[in-house]
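This report is for a reader who is new to the structure shown below. It goes through the make-up of the chains, the confidence, the core and the strand pairs in turn.

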Amino acid sequence: MLLRGWLETGAARLVVFLIVLISTVMLSTTIGHAQDQNGVTDPGVESALDESDRALQDPTALDDFFSFKGLIYRQQDTGNGGNPLVDEDTSVIEGILLLRKSISSNDTVHLRLLGDVISAASQREVERNSGMMISGATEIHPFRFDVGGGATHDFGPFDLGISGSFAQEYAYRSHGFGAKSTVRLFENSTLVTLRGQAFGDTVRTIGFDGSVGNDASKETLTGEVGVVQTVTPRSHLNFVYSFTRQRGFLETSFNFVFAGGVQQSEVMPDRRYRQSWTLRYKHAVGETDAIQFGYRFYRDDWGVRAHTADVRYFWMLPSGGVLIEPNYRFYYQSEADFFAPLFATPQYHQTSDSDLGDFTGHSFGVKITWLETELLGVSGDYDVSGNYYYRDDGIELYWATFGIGFPF
Amino acid sequence: MKRWSLFVFVWALSATGCSTVGFKAVRFNERQRLDDRVMTFDHDELEAEMIGHVLAPREGSVGGFSAIGAGGCGCF
């Protein structure tokens, strides 16, 4: 609560001013360094080095590559956590498989398969009340799958990729399309990435009381521009601006509110415009380690404002075969304009979804990767991670991941 | 909050824009450390996607930190 108040004070503005001042000083130093380093390069040498540099920028991009990641997720509603009128316990088991293969010196294709098994207490409650199954996230139909693929062509100074996906669960179906291009500039000191994504979704509208309405549509368009900018031989910055427009049925159909003591469905606007600005900074520490800082500001026209800050350390054990990554993430969001735990009278727009409420979150985690290790006859990188997230409105999240990745 | 938005935008612009002015800050023969695995942003793309799946339904915000977009999932 103190932090929320602080974010609106003059002291917070002072901190921002100091950050601007420090970053300006740091970048002035960088520009001075650049002026010292700029020189003339033989064009032939530069071209050859650009090629090798591209390979280094994404070490897996030129290899045929297989990767699998598994997730075990548990969300715990501690008594009256989140929305006190709803049990928000949830469990998810998820697996993602990614296969990438080169089909020529400039072309790669990829295939991505995802599967979920979901169990959510709030949805089971609706099912019990209505005497029918209501969504993909029930004991009866707990499955979700998502299959996608794409291709990327390397044009030299830039690459262009396209992708598509299809996802299905009991009460939700989605078609997605995307395009992405990365432009490499100034001997790869600057990478500019443009990305666009479109989803056309269909929702089976099953109410909290089990009533079934007509299928509804939901459209999501996202545009994103990102820059990775080298700062010094040991550090670089990443800035991302993202804009998302959503239209259509934006409610969760079985969510409800109490208005004047009467249980009613939540009602959301049918449009939402969302923007975020993200800045990350990564700095090499010693000969093998690194540290990363990130900050994101988010706002939308529903009145939600969010601040996210995170720090992650990359610690390579002296043996060189094990990478340990501890991380901490802070998150704060303000509530949507039409959010309230209870309503005195029915409103034109109304929700009691705690995910649109005002809360602060802290998460901690650690990931361990065994590099180029052989296990059961398969040589690759193996990783495990454990994470804990606490929301000050009483929701706790735990998740663990495990993965394997190897070129072939 | 408009001031906050402006501050963040100016900060990000100055950080990336100013450094772009010094676009040849680091030459190809100085990049060994930057091209190391631990220095790549989002070197584990599947992990970034999974974290997006975990956090997106539980937070009212999206975008940045490699978790693009907001559609495609009924979530839970």
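Helices here are DSSP runs of H or I with at least four residues, strands are runs of E with at least two, and both are numbered from the N terminus. The structure is a predicted model. Counted in this way, chain B has two helices and zero strands. Chain A contains four helices and 18 strands.

**Burial and contacts in the two chains**

Chain A has 408 residues, and 34% of them are buried. Chain B has 76 residues, of which 55% count as buried. Among the contacts in chain A with a separation of 6 or more, 55% are between residues 24 or more positions apart.

**Confidence in chain A**

The mean pLDDT of chain A is 83, with 80% of its residues at 70 or more. Confidence is highest in strand E15 (residues 322-333) of chain A, at a mean of 97, and lowest in helix H3 (residues 43-57) of chain A, at 42. The pLDDT is below 50 over residues 24-60 of chain A, a stretch with 38 contacts in the model beyond near neighbours in sequence. Another such stretch covers residues 133-139 of chain A, where pLDDT stays under 50 and the model has 37 contacts beyond four places in sequence.

**The largest nonpolar core**

Which residues have the most contacts inside the largest nonpolar core? They are Leu71(A), Tyr73(A), Met50(B) and Val54(B), in a core of 13 residues. Two or more residues each come from strand E1 (65-77), strand E2 (90-102) and strand E3 (107-120) of chain A, and also from helix H2 (45-55) of chain B. H2(B) gives the most to this core, with five residues.

H2(B) is mostly covered, as eight of its 11 residues are buried. The buried residues are Leu46(B), Glu47(B), Glu49(B), Met50(B), Ile51(B), His53(B), Val54(B) and Leu55(B). Their cover includes E1, E2 and strand E18 (395-407) of chain A. Met50(B) shows the contacts of one residue of this helix: apart from neighbours within four places in sequence, Met50(B) is in contact with Lys69(A), Leu71(A), Glu94(A), Ile96(A) and Thr401(A).

**Antiparallel strand pairs in chain A**

The table lists four strand pairs with their bridges.

| Strand pair | Sense | Bridges | One pair of opposite residues |
|---|---|---|---|
| E9(A) and E12(A) | antiparallel | 13 bridges | Val240(A) and Thr278(A) |
| E12(A) and E13(A) | antiparallel | 12 bridges | His283(A) and Ile291(A) |
| E5(A) and E6(A) | antiparallel | 12 bridges | Gly161(A) and Lys180(A) |
| E6(A) and E7(A) | antiparallel | 14 bridges | Arg173(A) and Thr202(A) |

Strand E12 covers residues 271-285 of chain A and pairs with strand E9, residues 235-248 of chain A. E12(A) is also joined to strand E13, residues 289-300 of chain A. E12(A) and E13(A) form a hairpin with three residues between the strands, and Gly286(A) takes a positive phi near 60 degrees there.

Strand E5 covers residues 158-169 of chain A and is joined to E6(A). The hairpin of E5(A) and E6(A) has two residues between the strands. In the hairpin of E6(A) and E7(A), four residues lie between the strands, and Phe186(A) takes a positive phi near 50 degrees. In a regular strand, side chains alternate between the two faces of the sheet.

**Two loop residues with positive phi**

Glu187(A) is in the loop between strand E6 (172-185) and strand E7 (190-203) of chain A. Its phi is positive, near 55 degrees, in a residue other than glycine. Is Glu187(A) buried or exposed? Glu187(A) counts as buried because it has 21 C-beta neighbours inside 10 Å, where the cut-off for a buried residue is 20 or more.

Leu376(A) lies in the loop between strand E16 (359-375) and strand E17 (378-391) of chain A. Leu376(A) is not a glycine either, and has a positive phi of about 55 degrees. Leu376(A) has 4 C-beta neighbours inside 10 Å and therefore counts as exposed, the cut-off for an exposed residue being 12 or fewer.

Terms used:
Residues numbered from 1 in each chain as written. Chains lettered and ligands numbered in written order. Core = buried A, V, L, I, M, F, W, Y, C linked by C-beta atoms within 7 Å. Contact = placed C-beta atoms within 7 Å. pLDDT = per-residue confidence, 0-100. Pairing = 2+ DSSP bridges.
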